[in-house]
Amino acid sequence: MSFENQDTIYNNNLRKKARKKQKKSSRKIKLYHSFMTIVLLFCVFQLGASTLINASKLISYSGKITKARELKEEALNKNKQLKSELENFNSMQKVESIARNNLKMAGENEVLVIINTPDKEEVKPKTKKELFIEFFEKHIANKILQNKDTHENFVLQ
């Protein structure tokens, strides 16, 4: 073999080795880029999920804050009302009016007359169950009881 042939063989081997190294390094780089892409996507997903969770908590807590403020206002109004009622109870006239109206008491040399008026009952719409029971009582149960009474009278005679 001549010296020239050895160079070409050697160069071909070098080229193949260089190509293998390049392919190997490009594979490593691709793998690295793929891994970094997955890590980046995971971070973006975590960021989005935490943003949604924090937004929902923010809405929930703001609703609770407004409800607590409303309750506070109601409590303050009730407190003012109770304080004014307390001032009214300190007078003898108020105590006397409560005794007369609510406790049905009479003063000296007075006669207490109480007139009872029946309260009007509110008419509620009947449910299907109540209507069925009413129908059963009127039509079926009464007939059964009437037949039983006539049968007992017939047996006794």
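This is a short exchange about how the terms used for this predicted model are justified.

Reader: What kind of model is this, and how are its residues numbered?
Author: The model is predicted, so local features need pLDDT of at least 70 and side-chain atom pairs count only at pLDDT 80 or more, while totals for chains, interfaces and linings use all residues. Residues are numbered from 1 along each chain as its sequence is written, and side-chain values use heavy atoms, with hydrogens and water left out.

Reader: How confident is the prediction, and where is confidence lowest?
Author: On pLDDT (the predictor's confidence in each residue, from 0 to 100), the protein has a mean of 80, and 83% of its residues reach 70 or more. Helix 3 has the lowest confidence, at a mean of 71, whereas helix 1, residues 3–89, has the highest, at 86.

Reader: What makes a stretch count as a helix, and how many are there?
Author: A helix is a DSSP run of H or I with at least four residues, and a strand is a run of E with at least two, both numbered from the N terminus; the protein has 3 helices and 0 strands.

Reader: Why is Arg-27 called exposed?
Author: Buried means under 20% relative accessible area, exposed over 50%, and partly exposed in between, with a 1.4 Å probe and protein chains only. Arg-27 has a relative accessible area of 60%, and therefore it is exposed. Arg-27 lies in helix 1. Of the 157 residues in the protein, buried ones make up 1%.
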